[in-house]
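Please take me on a tour of this structure. I have it open in a viewer, so tell me what to select next and what is there.

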Amino acid sequence: MSEPTVGHSPGDTRSDASVPIADAVWGGQWVADRFGVAIQDDVARSVRPLHELLGIALRRNPRRAHLLVSTVLGKHIPTDPRVVRGAGRQLGRLVAERLRSEHGAVVLGFAETATALGHCVADELGADYLHSTRRTVYGVQPMGGFEEEHSHATGHLLLPEDPGLLDRVGPLVLVDDELSTGRTILNTIAELHALAPRRHYVVATLADLRTGADRDRMQLCAEQLGAVVDVVALATGTVRRPADFGAQAARFVVGHPPAPAVIAQPVAVAARVGSGWPAGVRESARHGFTAADQAALAAAAAAVARELAGAVGGDRVLVLGTEELMYAPLLLALALAEELGDAALVRFSSTTRSPVIAVDEPGYPIRTALTFASHDQPADGPGERYAYNVAPSARGPQFTDIVLVVDDAADTPHLHAAGGLLDQVASVCGRLHLLTLPGYRPPGALPEPLHGPHFGSYSPAEVSWLLSDLSGHDLEAPTEEREEAIQSGGAHYAESLPVEYQPSAEYQELFAIALAQSADRLAHAVGVVTELVLARRGAATVLASLARAGTPVGILMRRWAQRRHGLDLPHYALSIVRGRGIDAVALRYLTQRHDPADVMFVDGWTGKGAIARELAAAVGAANAEFGTAFAPDLAVLADTGHCVELFGTREDYLIPSACLNSTVSGLVSRTVLNDRLIGPGQFHGAKFYASLADADVSAVFLDAVTARFDAVAGAVARDWPLLRDADRRPTWAGWAAVQAISADYGIADLNLIKPGVGETTRVLLRRVPWRVLIRPDAAGELGHVTLLAHQRGVEIVEVPDLAYRCVGLIHPGFSQRAGAAGRVGTAQ
């Protein structure tokens with residue numbers, strides 16, 4: 001038997017119209033032979049035979065026992081991308097014939113299966129396009145939605161950036177891969193007709209399988225709406241099933257449970273590609289897509305294909321899209337096939353939600369299955385996802401290279417987890433390439449968090465960074481230059497970054513000693529403050545640490561809650577900037593994902609309480625603006641300034657994470673708020689110093705403290721209830737102490753006085769220090785402070801009865817002309 005090929009309309013001379021697409025045995029034969037299911041062509045209405053376009057598989061779905069598997073869609077079967085495009089364009093030409101002279105058509109495609117098909121139809125028509133989505137985009141209000149009654153995933157959202165896209169008076173073309181009963185189409189037409197009535201709807205599908213009763217129902221609906229509803233299809237016919245087919249299929253499914261996920265060890269690392277993908281290119285039609293977007297997307301795909309052509313190492317390449325993200329991968333596969341020519345076979349398919357039985361037998365379309373957890377944020381919640389025919393069957397070779405294409409919203413910890421999609425795919429191919437596309441977001445849409453290992457060295461499960469990645473920008477300035485700009489009013493401290501301090505071997509040894517000596521005390525404080533937080537917020541607590549000093553503390557609190565209570569608390573890191581407030585975009589993100597009343601802000605310590613005051617003011621303003629109920633509660637490890645109610649201790653002692661900068665904070669910089677780089681709707685920024693990985697002790701710090709949790713558990717259980725019942729109201733003693741120091745040393749700007757061990761360390765690492773005040777009885781525990789002071793030539797002054805163990809004074813009135821010796825125009 002010769003292999004079936006893509007048919008073509010008269011006069012169609014395109015090269016993509018004659019590429020083999022299927023095995024010699026029809027892909028529905030296995031089910032037909034065993035269950036008596038058959039498909040029958042309606043020759044008079046068909047352009048193409050149904051057997052050429054469809055196979056039949058069994059699926060795990062009580063709503064419908066079978067799945068019609070398209071051979072030209074590029075969803076469940078890896079397919080020549082020219083075949084996929086050719087079928088879509090052929091369908092588009094049928095639509096054009098039906099529209100005749102009508103203008104202003106808009107095309108609507110259905111997620112997840114028909115998103116690329118709809119793109120191809122719209123491209124053939126030169127029409128604007130939108131596809132439905134099952135993903136919530138925070139900050140974007142749905143224009144509408146509808147239900148897919150027989151599906152395993154029923155809810156669809158419509159999220160056009162331009163609300164007028166679906167209000168136009170021209171015809172609306174609705175594209176789906178198959179038309180089984182027409183109910184989903186009727187639901188959609190009814191929804192959209194209520195918003196904007198129109199005279200003409202055209203339904204375009206690869207296979208029209210409606211019964212006579214279904215056709216009558218659609219005709220009646222059209223008459224009731226006062227509209228014309230036309231249907232065009234490449235193939236038309238019926239599926240005939242025995243009366244007991246559902247019961248037979250259910251028994252078979254029960255006897256064939258899903259294969260367990262294959263977990264590769266260690267977790268796979270894919271080679272990332274496409275770093276030059278242009279910003280602003282729409283990767284999908286989730287928010288609308290025009291002819292201009294088509295040109296930009298094709299150009300971007302071609303550029304990445306040129307890069308990939310030099311990276312693939314074999315002759316069997318699969319470009320694998322993910323759920324709704326199909327068209328950009330399709331264009332990439334087309335361009336890559338063009339680049340590689342006869343040197344490699346290029347195929348295209350996509351992951352899916354459809355739960356299908358895999359049977360590795362001739363005549364069955366789904367030979368192998370990979371199963372993994374969802375890795376984006378679907379509106380209907382998480383669930384299993386699948387990639388079919390990606391793993392080699394017993395009779396076929398594996399792909400030498402797989403190019404996995406995701407958007408940034410789907411590049412999450414779940415994607416990279418053991419047993420996740422990356423792991424599954426890496427286990428069945430020679431080389432894995434990962435292309436993460438920056439998802440287009442309309443104004444008002446919220447960005448997605450960043451995760452390690454692509455941003456920061458912390459495990460992706462431990463923290464989600466609500467930050468913009470500024471790693472590619474040169475933001476560091478010499479300390480003296482920054483200090484003069486800050487004090488002269490020429491720049492805000494958050495607009496730039498200090499040069500990262502590289503500790504000497506002597507200083508690193510001091511860190512190690514301090515960590516070993518304080519691990520028990522730190523673990524105890526972590527336990528106490530976490531118990532206080534859980535007592536106030538409960539099991540639904542959401543940790544929001546103030547980056548970056550609060551982030552390791554937030555991780556430790558999350559670990560305590562997990563170890564002692566079995567709770568998996570969400571943990572985010574966000575930015576707060578003195579004088580500028582908290583990141584309002586990050587608060588909006590938390591509002592969309594969680595109850596604001598569950599959020600607990602976390603920091604490392606308090607000094608004089610400036611950040612606690614800033615937080616209270618910023619949260620109050622945000623609540624007034626957004627109508628939310630964030631509480632300004634701040635939980636800290638050490639409340640040395642007596643500024644908050646939730647703390648592990650009020651002792652002023654060394655927290656070793658204060659000794660270093662990024663190398664103890666996940667290799668992430670202090671946060672940046674620079675209007676040149678951070679636009680409206682973006683999170684505040686930070687840099688990831690991946691080049692400092694050899695010096696990174698972030699995990700060392702966390703693990704050393706976590707290792708002492710069990711040892712201090714008894715003391716925590718004894719102490720935290722006593723603290724809970726004690727008077728913990730803030731006295732702001734730290735603020736009063738700073739005011740006294742201000743008077744004693746003639747420093748009018750209180751921001752130049754940094755009380756406590758942690759703040760003093762920061763002064764010595766980041767700013768231009770003037771003096772360090774030390775309480776004599778604490779000198780023995782301040783080895784790192786005295787070492788840094790000596791290295792920077794800073795005077796140490798012993799002050800008996802100092803409220804803190806030490807206080808760092810930033811050089812007041814500093815200018816590079818005066819230098820460290822004095823202040824311009826100020827008596828010494």
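Start in a loop. Select L667, which sits between strand 28 (646–649) and strand 29 (685–686). This is a predicted model. L667 is not a glycine, yet its phi is positive, at about 65°. Most residues other than glycine have a negative phi, and most peptide bonds are trans.

**Two cis bonds**

Next, select G452 and P453. The peptide bond from G452 to P453 is cis, with omega near 5°. P453 belongs to the loop between strand 17 and strand 18 (464–465).

Now go to A547 and R548. The bond that leads from A547 to R548 is also a cis peptide bond. Its omega is near 5°. Look around R548: this is the loop between strand 22 (542–546) and helix 14.

**A pair of helices**

Follow the chain into helix 14, residues 550–565, and select helix 13 as well, residues 505–537. How far apart are the axes of helix 13 and helix 14? The distance is 9 Å, and the helices pack at an angle of about 75°. Helix 13 and helix 14 are therefore roughly perpendicular to each other.

Show the side chains where they meet. From helix 13, pick A523, V526, G527, V529, T530, E531, V533 and L534. From helix 14, pick L556, M557, W560, A561 and H565. Colour this contact by class, and you get 9 nonpolar, 3 polar and 1 charged residues.

**A parallel sheet**

Move to strands 11, 17, 16, 12 and 13. In that order, these 5 strands form an open sheet. Their pairing is parallel. Which strands are at the edges? They are strand 11 and strand 13 (345–350), and each pairs on one side only. Look along the sheet to see the twist: neighbouring strands are turned by 25° against each other on average, direction ignored.

Zoom in on strand 12, residues 316–321. It runs parallel to strand 13, and 6 bridges join the two. Select L318 to find one bridge: its partner in strand 13 is R347.

**The largest pocket**

Keep strand 11 (271–273) and strand 17 (429–437) selected, and add strand 19 (468–469). Each of these three supplies at least two residues of the lining of the largest pocket. How much space lies in the largest pocket? The volume is about 1400 Å³. To find its centre, select D408, P438, R441, L450 and D469, the closest of the 37 lining residues. By class, the lining has 18 nonpolar, 13 polar and 6 charged residues.

**The largest cavity**

Now look for enclosed space. Rolling a probe the size of a water molecule over the atoms shows where empty space is left. The model has 9 cavities of 30 Å³ or more. The largest cavity has a volume of about 620 Å³. Select Y493, I611, E759, R762 and R766: of the 30 residues that line the largest cavity, these are the closest to its centre.

Which elements supply at least two residues each to this lining? Select strand 24 (576–577), strand 26 (599–606), helix 16 (610–626), strand 30 (753–755) and helix 20 (757–766). Helix 20 gives the most, with 4 residues. Colour the lining of the largest cavity by class: 15 residues are nonpolar, 4 polar and 11 charged.

**A mixed sheet**

Stay with strand 30 and add strands 33, 31 and 32. In the order 30-33-31-32, these 4 strands form an open sheet with mixed pairing. Strand 30 and strand 32 (795–798) stand at the edges. Each has a single partner strand, so one side of each is left without a neighbour in the sheet. From one strand to the next, the twist averages 20°.

For the last stop, select strand 31, residues 769–774. Strand 31 and strand 32 run parallel and are joined by 4 bridges. Which residue of strand 32 stands opposite R771? Select E795 to see the pair.

Conventions
Residues numbered from 1 in each chain as written. Predicted model: local features only at pLDDT ≥ 70, side-chain atom pairs only at ≥ 80, totals over all residues. Heavy atoms only, no water. 1 Å grid on protein atoms, 1.4 Å probe; cavity = no way out; pocket = protein on both sides within 12 Å on 5 of 7 lines; lining within 4 Å. Points joined across faces, edges and corners; volume = space filled by probe spheres on them. Nonpolar A, V, L, I, M, F, W, Y, C, P; charged D, E, K, R; others polar. Axes fitted to C-alpha atoms, helices over the stretch in contact; angles between N-to-C directions. Parallel < 35°, antiparallel > 145°, perpendicular 65-115°, else oblique. Contact = heavy atoms within 4.5 Å. Pairing = 2+ DSSP bridges.
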